[in-house]
Amino acid sequence: MRHTKVKDLLNSTTTLQEVNAKGWVRTFRNNQFIALNDGSTIKNIQCVVDFENTPDEVLKRITTGAAVSVTGSLVESKGAGQKYEIKVAKLEILGDSDPEKFPMQPKKHSLEFLRENAHLRVRTNAFGAIMRIRSVLSFAVHNYFQQKGFVYVNTPIITGADAEGAGEMFQVTSLPLENLPKTEEGTIDYKKDFFGKHTNLTVSGQLEGETFAMALGQIYTFGPTFRAENSNTSRHLAEFWMIEPEVAFNDLDANMDLAEDFIQYVIKYALNNCGDDLKFLEGRLLEEEKSKPQAERSEMTLLEKLNFVLENNFKRVSYTEAIDILRESTPNKKKKFSYIINEWGADLQSEHERYLVEKHFKCPVILFDYPSNIKAFYMRLNEDGKTVRAMDILFPGIGEIVGGSQREERFDVLVEKMKALGIDEKELSWYLDTRRFGSAVHSGFGLGFERLVLFVTGMSNIRDVIPFPRTPGSADF
Ligand code: 4AD
Ligand code: MG
């Protein structure tokens, strides 16, 4: 007999004569009640064991973490909390779990402890919920773009172009590190390396994505990106997933419209498809908030926060306006910021971004038209000659969730900019070809997928929303 998923059994509309379920024991109470979970839903199914007719040796092996198969009838439950339960006729232990050694005991574990057990933490309610939501969100990403006719592009993970300047890169090499080949000048001879040149892991698929947008019109990437920045924060990973749409003929306003519509779509999709998991995480967050001082507690529950983003337009504010607001703000005047904002041109730190979003506007904010010298070389220069058509989307509790821009489509202006920054024109000649042959206005952005999952799940550390986090000093599993 084939086994049925717990989710389908719990959603059954009738009782059933004979069913089989397979899963892992969460708890076993009174030598009689198994709470069985198979990962299909956050809910467990209660399995009532006929303990009088089950040998003691078998009962002893029903321990937290053990894999079991239960066969029996699906009957209406007398207990509170569930409509159906399984009256077990036959129970089989598929895999034992030593109750003394299994780390995921049915009690509260710290998130740090769970991170050290990332291969088992997914067997807890919270991590099961987070990972199911992550999966649904990635489906929603594809759904959104596919419905709109975007072409999904797999940009390379190993790149020979290290000019984007989005962050420190990880080098990829097959050279023997203890015995590096040298040129006559005594430098490392990368001609002898695997690709015949110096290569890195990519920080972004954008530059390659642009070449595809200039042929296919609307494209998106969704893949892993790597940054070797030594930022040990709750918002940074060394390996993270990024979604990068790029659209020919879109200007910055159209780019903002796309980003806002896209984010609202995927959040709504999660609300419509992850009800049980979100409700669980909402409760978890409420518990967590209780341990915080009143002033730091969120005014909204998780579901209220998600709905708020759907119901309110993102506030669009120029960098210049933002600087004025920050300069006049109380924490700036009282020198509460670590970085005091004195003048136009300052780079915004996350404390400033969060002030704007959480204290001043109290809604998601799109900042645009940043000073040219704090943004990447490929962003389109405005008529004022000092700002570029950049945009960052800032979210409450997260800070920057999206970075994007209208691209500099004018060949001469772009080459000037590259020269000024010392970027090798020959290295990026292929990129410049998009501007040599049929150049046009185009725009795109990058959304950090884990920052989106952070927001939707209400978690506070980015290490808890990716299956196996990679951060400075840590690459276990
Ligand atoms: O702002 P960033 O660096 O933009 C780019 O890479 C552009 N090439 C995107 C584009 O225009 N196509 O990164 C985009 C987003 C950030 O807003 C943030 O959400 C996320 O990627 N991000 C990170 N997420 C986790 N860990 C890190 N170390 C991240 N660095 C950036
Ligand atoms: Mg950025």
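## Cavities

In this predicted model, the structure holds 3 cavities of 30 Å³ or more. The second largest of them has a volume of about 40 Å³, and the residues that line this cavity are Arg-227, Glu-229, Ser-231, His-236, Leu-237, Ala-238 and Pro-472. By character, the lining of the second largest cavity divides into 3 nonpolar, 2 polar and 2 charged residues.

One of these lining residues, His-236, also serves as a reference point for a distance across the chain: its C-alpha atom is separated by 20 Å from that of Val-365, a residue 129 places away along the chain.

## Overall architecture

The chain has 477 residues, of which 50% count as buried, and its secondary structure comes to 15 helices and 16 strands. Taken along the principal axes, the C-alpha atoms fill a box of roughly 85 × 60 × 45 Å. Among the contacts between residues at least 6 apart in sequence, 67% join residues that are at least 24 apart.

## Nonpolar cores

The largest nonpolar core has 63 residues, and those with the most contacts inside it are Phe-262, Ile-267 and Phe-395. Once its neighbours within four places in sequence are left aside, Ile-267 is in contact with Leu-306, Val-309, Leu-310, Phe-395, Leu-452, Phe-455 and Val-456. A second, separate core comprises 33 residues, among them Ala-161, Val-357, Tyr-370 and Ala-376.

Val-357, named in that second core, is also one of the residues touched by Val-365. Val-365 has its place in strand β13, which covers residues 365-371, and with a relative accessible area of 0% this valine is buried. Not counting residues up to four places away in sequence, Val-365 touches Lys-315, Val-317, Leu-356, Val-357, Asp-392, Ile-393 and Leu-394.

## Helix α15

Which residues of helix α15 are buried? They are Phe-449, Glu-450, Arg-451, Leu-452, Val-453, Leu-454, Phe-455, Val-456 and Thr-457. Because 9 of the 9 residues of α15 (residues 449-457) are buried, the helix is largely enclosed by the rest of the structure. The buried set includes the charged-side-chain residues Glu-450 and Arg-451, alongside Leu-452, Phe-455 and Val-456, which are among the contacts of Ile-267.

An α-helix has 3.6 residues a turn, so residues three or four places apart point the same way. Leu-452, Phe-455 and Val-456 are each in contact with Ile-267. Just after α15, Gly-458 takes a positive phi of about 75 degrees.

## Strands β1 and β3

Gln-46 is found in strand β3, which spans residues 45-48, and its relative accessible area of 13% falls under the 20% limit, so the residue counts as buried. The side chain of Gln-46 makes a polar contact, at 2.9 Å, with the side chain of Glu-85. Leaving out residues up to four places away in sequence, Gln-46 touches Arg-29, Phe-33, Ile-34, Ser-77, Gln-82, Glu-85 and Ile-86, so that Glu-85 appears both as a general contact and as the partner in the polar contact.

Glu-18, by contrast, lies in strand β1 and counts as exposed, at 53% relative accessibility. Glu-18 and Leu-74 are 56 residues apart in sequence, and their C-alpha atoms are 6.9 Å apart in space. With neighbours within four places in sequence set aside, the residues in contact with Glu-18 are Met-1, Thr-71 and Gly-72.

## Loop residues with positive phi

Asn-30 has a positive phi of about 55 degrees although it is not a glycine. This asparagine lies in the loop between β1 (16-29) and β2 (33-37), and is it buried or exposed at 57% relative accessibility? Asn-30 counts as exposed, because the value of 57% is over the 50% limit.

Lys-335 likewise has a positive phi of about 55 degrees without being a glycine. Its place is in the loop between α11 (330-333) and α12 (350-361), and at 62% relative accessibility Lys-335 also counts as exposed.

Definitions and conventions:
Residues are numbered from 1 along each chain as its sequence is written. Chains are lettered from A and ligands numbered from 1 in the order in which they are written. This is a predicted model: local features need pLDDT of at least 70, side-chain atom pairs count only at pLDDT 80 or more; totals for chains, interfaces and linings use all residues. Side-chain values use heavy atoms; hydrogens and water are left out. A nonpolar core is a set of buried Ala, Val, Leu, Ile, Met, Phe, Trp, Tyr and Cys residues joined through side-chain atoms within 4.5 Å. Buried means under 20% relative accessible area, exposed over 50%, partly exposed in between (1.4 Å probe, protein chains only). Contact means heavy atoms within 4.5 Å. On a 1 Å grid over the protein atoms alone, a cavity is a set of points where a 1.4 Å probe fits but cannot get out, and a pocket is an open set with protein on both sides within 12 Å along at least five of seven lines; lining residues have an atom within 4 Å of a point. Grid points are joined across faces, edges and corners, and a volume is the space filled by probe spheres set on the points. Helices (H or I, at least four residues) and strands (E, at least two) are DSSP runs, numbered from the N terminus. A polar contact is a pair of N or O atoms within 3.5 Å; within protein, one must be able to donate a hydrogen and the other to accept it, and residues adjacent in sequence count only if both atoms are side-chain atoms.
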